[in-house]
Structures are given as C-alpha cells and as structure tokens.
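Here are a few exercises to work through with the model in front of you. Try each task before reading its solution.

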Amino acid sequence: MSIDQATVRKIASLARIAISDAEATAMEGELNGILGWVEQLGEVDVTGVEPMTAVIPNSLRLRDDVINADPLTGGNRRDDVLANAPAPQHGFFGVPKVIE
Amino acid sequence: MTDLTNLTVAGIRDGHRAGDFSAVEVAEAFSANVAGAKALNAFIVETPEHALTAAKAADADRAAGTLKPLSGVPIGMKDLFATKGVQTTAASHMLEGFVPPYESTVSQKLWDAGAGMLGKLNLDQFAMGSSNETSYFGNVISPWRRNDGGPNLKDRAALAPGGSSGGSSSAIAARLCPAATGTDTGGSIRQPAAFVGISGIKPTYGRCSRWGIVAFASSLDQAGPMARDVRDCAIMLEVMAGFDAKDSTSLDLPVPNWEAALSSDLKGKKVGIPKEYRLEGIDPDIDAMWDAGIAMLKDAGAEVVEISLPHTKYALPAYYIIAPAEASSNLARYDGVRYGLRDLPQGAGLQDMYAATRAEGFGPEVKRRIMIGTYVLSAGFYDAYYTQAQKVRTLIARDFEQAFASCDVILAPTAPSAAFGLGEKTADPLSMYLNDVFAVPASLAGLPAMSVPAGLNREGLPIGLQIIGKAFDEQGVLNAGLAIEERAGFTARAEKWW
C-alpha cells in the first residue's frame, strides 16, 4: 500500500514534526520505498505465532517501597531536573501560554 | 621507549602494574594523539583533564597497592552515554549543550574500575545510521584508505568508519584510544568494528545496563566494548556488565570471569554455518574470508556443521518496523520543554513549539525513522505492520534456538562489504539499511555476537567475521573469536595521513 502527500502530512502532524512542502514531497518517495520493502513480511505464515514481548526471558521486579532508596532516582532534585530546561521559571518548566 | 599508544588494554594494565611506565604518561600520549587527529572528527568533546585525573589516581593507587581492574587505562566514551558534567548529545542538535547531572551506569562502572575518559566519541545521530554520516557534528572519517586512488593517501577517497559507533571504531583504529564503549541496536558495534579492523562484542541483551544511555530502540539497545583484540573486549565487558536495579530489563546474573576463561581450544565444539547467509551477488572477498574463517575454526579443533535460519531474509524488514516504532515512542520525549533544544517561533503556541523544535532538532534520518515508526504504530496499521513484525521476530528467535540444538556458536560475515566511501550510500536509505543484513538477526534475538578482523580484501581494507552465540554464552563467542584472531594474525593498520 502506498502513502500520499496527505498521509505524509498526517504522520508528520502525529509525530509533531513541522515539514515543508519540499520535505513532504521527498519523504513521500522515501517512505513508500521503505514501506514497500517491508511489505514482504506479509508473506510469512505466522499462524499460531505469538508476537515477541521479551527477547530474553525476564520478570519485572518491584522495588522496595522505600522513599529515596536510591538518591540518584529519588526526589528532592528540583534544581538538577531543571538544570537543562530551556526556559525554567520560578522552579517550574516554562511553556508558552496555552489558555487565551 | 615504545610508543605507549600501540599498547592494548591488557598491555597498558599489565605494564602499568609492573611499573614500566606511569598512567600519566599513557594518558598524555593518547591525549596527544587525540589532539592531533582532528581530521578524523572522531570526538565531539575532548576531555584530556578527565583522563589525566584518573591517571594520577591510578599512579597513586599503584603506590598504595590498591590497583583496580582498569587502573591506568584511558578510554573513549560514545556520546550516547550520559556523563555527569560533560556534554552528552547523541550527536544531535536536539541535545547540543545538554550536560547531564548524572552518570550512566556503564560509564560509572568504568570510572569505578579506574579507567579515565579521553573524550566523547562521535556517532550517527541518536545511533541511527551505518556510516556515521548522520551526526549533527559532521562525518567521522575512517583512518583507512583504499590501496589505489592516487599516490597520496590524503587525497584518496574518504571512507566510512561504519556506524553508529563510528567515532569509537575510527578512534581505536587510529590509536587515539585503546578501547571505547559502543552500543549496538542492529549492528552498531559489530559493523564499525569490521570496517576498521578491530574487535567488538555486543553481549546478551540485558548484560549491560541501559540506564543513562540515550534510548533508541529499547528492546534492542545493548552496550558493549570495542577494542583492538578479543582479550581487551573481555576485560572491558567484565567491567561494563552487571545487574542494575535501575534498568527493568537488566539481567540479574553474576558476571563471569571472561578474561580468565579465554581459550582458543575448540575441541568438542560445533560451529554452525547458516546457509541463508550465502547471499547471491555478494562481494567474493567476503565469501572467501568466511571460508577462511571456517578453516581457522576447524584448525582450532571445532566441528563445522551446516545450519538453517529460514527466516533470515525477513530480519531486516522486521527490524525496520520494530526499531523505528520504538524510536518514535522513545524520541517523543524531545519536546523543547524539559531539556535540549527549544524553537519557539514568534507567537507560537505549545503544539507549534513542539513541531518547530523537533523539525529543527532532528536530522533527516532521525525524522525518517520517527515518521516510519509513527505510521506503523498508527490506528489501522498497527496489526498489519507492528504486530506482524513482532511475530516474525518470534520466528527469527526460534530459528536460532533450533539451530543451537546442533551447534555451539555460529560463524558468519559481519557485513556484506568492506568499508564504503562517504556519500556512496546516502542517496538511498534502503541501500544503507541493507548493510546490516548479517548483524540484525542476532540483535532481534538478543544474542551475544562479536566481530573480529579476519584479513584484508583486494582493496587493502579490513573484513570482519561475526560469531553469534547462545544467550548468556559470551564466553563461547569470545573463545571462537580468539581462535580466529590467533590464526588470522591480523596486524594490518591504517597508515597515517591525518
């Protein structure tokens, strides 16, 4: 199945990536090339096959319910968390106005 | 005095321990090589002071009798690992200037073991690429040149160092560092190692913690070492591996003493040769080197058996659904709010800021993969693409399981060609993807796999052979690699032009 320009724009919008007309045109060809190639997966008989969920069998662990057990990933790190924010304000992440 | 930068990790460790030289001398010698190799563009940030500080500590530890496993060894750190206080970019504009307030588990383990950092190594942007041509900070150049193309090495065509760990491969081959970290999602340790004539191992998925590594495709991403020989890979991996509660897929297993158990005696071992890896129209030098490798392993005492991995041809297309799908999800975090780049056009709202930031911060290959991933995960296409790919992935893993009923390790080429020239494959994304045809199946199955140099092709460029092992059997992989290394006697190195 091939995708058209409108679909390319829709995907870009879902992915939150602004694209120009020229980029949309270029991407239409590239994405169709790649998607056309992966179509061959449709040939594989997967009757009764479960989709893979874990490549190496492993069980999810629960950590002990202890506050700040590992200070690296615990709380009270506001300044560290904000250190790389492009526009922090008053100890918060700053964003453009969202309510008019 | 011998040139310290020609020493391996083991050579530096043992020589330092014996008092043949100081760690400071080693760090200074490598830092000088780094500073003199700007033409390779292997480093995004150089940190000679970090290497020197670790070296001084190593010399003090020697005097105090408290040496650590990597005391005195300076290494390169792929710029995908978060390093506290040192810019970490994933070779992207998005993370330019990002200075992590914490250290990745793998890098912390290396520093705790006494290693020092020479700098942050260039890579394909967000580890997406096979030639190191997608970095925002420019292409990495391989130190190798073809043996034809004019009298001056410098004027011959620039070759790709492979990718995504191309800064790591180029730097080791050029003697800018004795070893480096790499990460491998679909061949990103093995293929660059093969392109420059060094060794590299991707361990079993879960051996090395992913905590603090910039995420690409989390079900595939795995860190591993790159170095000049098999022993050095074993030494590095012992330090890098180990359980980490901060990574939910970390393997809770003891780390074996891989170095101590190295043995190239393969008597009683069976080596599988997958018939589906004989590709029609492949470079005859690759097939010839593969046959030479088979002979080497026989010489080491192994029995060689033909095996079948029937779903091999579907591995790459499955990978190019699964990896972009995970990437599109992982990279959703780059929103211009919490860290990294923000592009806020005049009067823009939140949604426009997201779109502008991501348009500005991601390179074309990253955008392409996010778009593919978004599409295959979108309503109406999820089952046809993503679920189907995950089912095929189950079949690929099953192929390996069945093959390992009749063999201990698998021998195959690492890549279908030697290093190609910069720009040769950038016009068509698909042709670039196909370079990972032999590397991707082991990634999809989470298996340990390594590349070791086997010889030079007719153009004078290195060719690597790949050994794939059973889950958790890094030892079997390293041992078969050592058997090839001893017999191939690969000593060729790139002649200096930079």
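**Exercise 1: one helix of chain A**

In helix α1 (residues 5-14) of chain A, Val8(A), Ile11(A) and Ala12(A) are buried. Work out where those buried residues of α1(A) fall, seen down its axis.

Solution. Seen that way, the buried residues of α1(A) sit within an arc of 100 degrees, so they line one face of the helix. The arc is taken from the directions that run from the helix axis to the C-beta atoms. An α-helix has 3.6 residues a turn, so residues three or four places apart point the same way. "Buried" means that 20 or more other C-beta atoms lie within 10 Å of a residue's own; 12 or fewer makes it exposed, anything in between partly exposed, and C-beta atoms are placed from the backbone. Helices (H or I, at least four residues) and strands (E, at least two) are DSSP runs, numbered from the N terminus.

Next, look at the cover: it includes α2 (21-38) of chain A together with α11 (364-376) of chain B. Last, step just past α1(A), where Arg16(A) takes a positive phi of about 55 degrees.

A word on the ground rules. This is a predicted model, in which local features need pLDDT of at least 70 and side-chain atom pairs count only at pLDDT 80 or more, while totals for chains, interfaces and linings use all residues. Residues are numbered from 1 along each chain as its sequence is written, and chains are lettered from A and ligands numbered from 1 in the order in which they are written.

**Exercise 2: two helices across the chains**

Find the angle at which α1(A) and α11(B) pack, and name the residues that make the contact.

Solution. Two packed helices are described by the angle between their axes and the distance between the axes. For α1(A) and α11(B), the angle is about 95 degrees and the axes are 9 Å apart. That makes α1(A) roughly perpendicular to α11(B). (Axes are lines fitted to C-alpha atoms, for helices over the stretch in contact, and angles run from 0 to 180 degrees between N-to-C directions. Under 35 degrees counts as roughly parallel, over 145 as roughly antiparallel, 65 to 115 as roughly perpendicular and the rest as oblique.)

Now the residues: α1(A) brings Ile11(A), Ala12(A) and Leu14(A), and α11(B) brings Met371(B), Thr374(B) and Tyr375(B). Two residues are in contact if their C-beta atoms, placed from the backbone, lie within 7 Å. Sorted by class, this contact has five nonpolar residues, one polar and no charged ones. Here Ala, Val, Leu, Ile, Met, Phe, Trp, Tyr, Cys and Pro count as nonpolar, Asp, Glu, Lys and Arg as charged, and the others, Gly among them, as polar.

**Exercise 3: the whole interface**

How many residues of chain B are in contact with chain A, and which helix supplies the largest share?

Solution. Start with the count: 57 residues of chain B are in contact with 41 of chain A. On chain B's side, α9 (315-330), α10 (350-361), α11, α12 (382-403) and α13 (429-433) each supply at least two residues. The largest share, 10 residues, comes from α12(B). By class, chain B's side divides into 34 nonpolar, 15 polar and eight charged residues.

**Exercise 4: two chain shapes**

Decide how each chain's radius of gyration stands against the globule rule.

Solution. The radius is taken over C-alpha atoms, and the rule is 2.2 Å times the number of residues to the power 0.38.

- Chain A has three helices and two strands, in the order α-α-α-β-β. Its radius is 23 Å, well over the 13 Å the rule gives for 100 residues, so chain A is more spread out than a compact globule. In chain A, 14% of the residues count as buried.
- Chain B has 15 helices and 11 strands. Its radius is 21 Å, close to the 23 Å the rule gives for 498 residues, so chain B is as compact as a globular protein of that length. In chain B, 61% of the residues count as buried.

**Exercise 5: two positive phi values**

Are His90(A) and Ala91(B) buried or exposed?

Solution. Most residues other than glycine have a negative phi, and most peptide bonds are trans.

1. His90(A), with phi near 50 degrees, is in the loop between β1 (88-89) and β2 (92-93) of chain A. His90(A) is exposed, with 5 other C-beta atoms within 10 Å.
2. Ala91(B), with phi near 60 degrees, is in the loop between β2 (74-78) and α4 (105-112) of chain B. Ala91(B) is buried, with 35 other C-beta atoms within 10 Å.
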